[in-house]
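Biologist: Could you walk me through this model step by step, and explain the terms as we meet them?

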Amino acid sequence: MTELIFRDDAYIRSCTARVTAIDERGVRLDRTVFYPTGGGQPGDCGVLRLADGTTVAIADTVKGDSADEVIHVRATDARLPEPGAEVTAEINWDRRHRLMRMHTSLHLLCALVPGAVSGGSVGDGRGRLDFDVPGASLDKEVIAAGLNRLIAEGHAVAPRWIDDAELEAHPELVRTMSVKPPTGAGKVRLLEIIGVDLQPCGGTHVRNTAEIGLVEITKIENKSRQNRRINLAFAG
Ligand SMILES: [Zn+2]
């Protein structure tokens, strides 16, 4: 099991950690700042710095067999540390921060578009969400203006935990049909944009919507009779 530092504070860029295991899939640490692919957000890349000063480039981060298991996937056949070795794990912060900004803007989009979310993806500089909106035609300019207004208003963003029973009592919290929040662990992590949006999410987000900056809607696609795909990108 890995201590998931990014879950409590997404702004921590590096941490010291001990190597717990190494196999053909990658390196496991006792604690990490690397977010593993999940919930539509890609895994982090970065480096592991060894005690002798050498670095191991990490190309991707994925989940292991259990929810709290994180596998750091190395970029090349670089020499690996020994199990038990102490390393400094350091993410590519510029990329992560762009992912955090885009991820948070997709939560704002959820608050503006009626209908359940049927899929989505966070990319570097762009992102998309699929909505189930039978019959409706969506106005690109109106949604873009609403998004940039919510961003500029500077709403605070914070995680909050509830237990499984509380989530069961409030099924309206679950906006995403395709990604059911992980229950069974006793508690579920919610992401709240104060006064705007509240839903289960395990990803990384900025602390305030103003940090997102201007976004634009690049296109709205009709994927099927009721499926509308809204594509976002950072403006400029
Ligand atoms: Zn989220």
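Modeller: Let me begin with a term we shall need: a pocket is an open set of grid points where a 1.4 Å probe fits, with protein on both sides within 12 Å along at least five of seven lines. Please keep in mind throughout that this is a predicted model.

Biologist: Okay, so what is the volume of the second largest pocket?

Modeller: The volume of the second largest pocket is about 150 Å³. Its lining has 15 residues, and those closest to the centre are Ala10, Tyr11, Val157, Pro159 and His205.

Biologist: And how many of the lining residues are nonpolar, polar or charged?

Modeller: The lining of the second largest pocket divides into eight nonpolar residues, two polar ones and five charged ones.

Biologist: Which helices or strands supply at least two residues of that lining?

Modeller: There are α1, which covers residues 5–8, β11 at 157–163 and β12 at 187–193, and each of them supplies at least two residues of the lining.

Biologist: What order do the strands have in the sheet with β11 and β12?

Modeller: That is an open sheet of three strands, in the order β11-β12-β13, and the pairing is antiparallel. β11 and β13 (197–200) stand at the edges with a single partner strand each, so one side of each has no neighbour in the sheet. On average, neighbouring strands of this sheet are turned by 25° against each other, with direction ignored.

Biologist: How many bridges join β11 to β12?

Modeller: Seven bridges join these two antiparallel strands, and if you want an example to find in the picture, Trp161 has Arg189 in β12 as its bridge partner.

Biologist: Which helix lies across that sheet?

Modeller: Helix α2, residues 93–112, lies across β11, β12 and β13, and it runs at about 110° to β13.

Biologist: Changing topic, which strands form the open sheet of four?

Modeller: Four strands in the order β9-β10-β15-β14 form that open sheet, again with antiparallel pairing. At its edges stand β9 (116–122) and β14 (215–222), and each has a single partner strand, so one side of each is left without a neighbour in the sheet. From one strand to the next, the twist averages 20°.

Biologist: How many bridges join β9 to β10?

Modeller: Six bridges join β9 to the antiparallel strand β10, which covers residues 126–132, and within this pair Gly119 stands opposite Asp130 in β10.

Biologist: Where does helix α3 lie?

Modeller: Helix α3, made of residues 140–152, lies across β14 and β15 (227–234), and its direction is at about 145° to β14.

Biologist: What about β2, which strands does it have bridges to?

Modeller: Five bridges join β2 (residues 14–23) to β8 (residues 86–91), and these two run antiparallel; Arg18, for instance, has Glu86 in β8 as its bridge partner. Four bridges join β2 to β3 (residues 26–29), also an antiparallel pair, where Val19 stands opposite Leu29. β2 and β3 form a hairpin, with two residues between them.

Biologist: Stepping back, how many helices and strands does the whole protein have?

Modeller: The protein has four helices and 15 strands. Its radius of gyration is 19 Å, close to the 18 Å that the globule rule gives for 236 residues, so the protein is as compact as a globular protein of that length. Taken along the principal axes, the C-alpha atoms fill a box of roughly 60 × 45 × 35 Å.

Conventions. Residues numbered from 1 in each chain as written. Predicted model: local features only at pLDDT ≥ 70, side-chain atom pairs only at ≥ 80, totals over all residues. Heavy atoms only, no water. 1 Å grid on protein atoms, 1.4 Å probe; cavity = no way out; pocket = protein on both sides within 12 Å on 5 of 7 lines; lining within 4 Å. Points joined across faces, edges and corners; volume = space filled by probe spheres on them. Nonpolar A, V, L, I, M, F, W, Y, C, P; charged D, E, K, R; others polar. Pairing = 2+ DSSP bridges. Axes fitted to C-alpha atoms, helices over the stretch in contact; angles between N-to-C directions. Contact = heavy atoms within 4.5 Å. Rg over C-alpha atoms; globule rule 2.2 N^0.38 Å.
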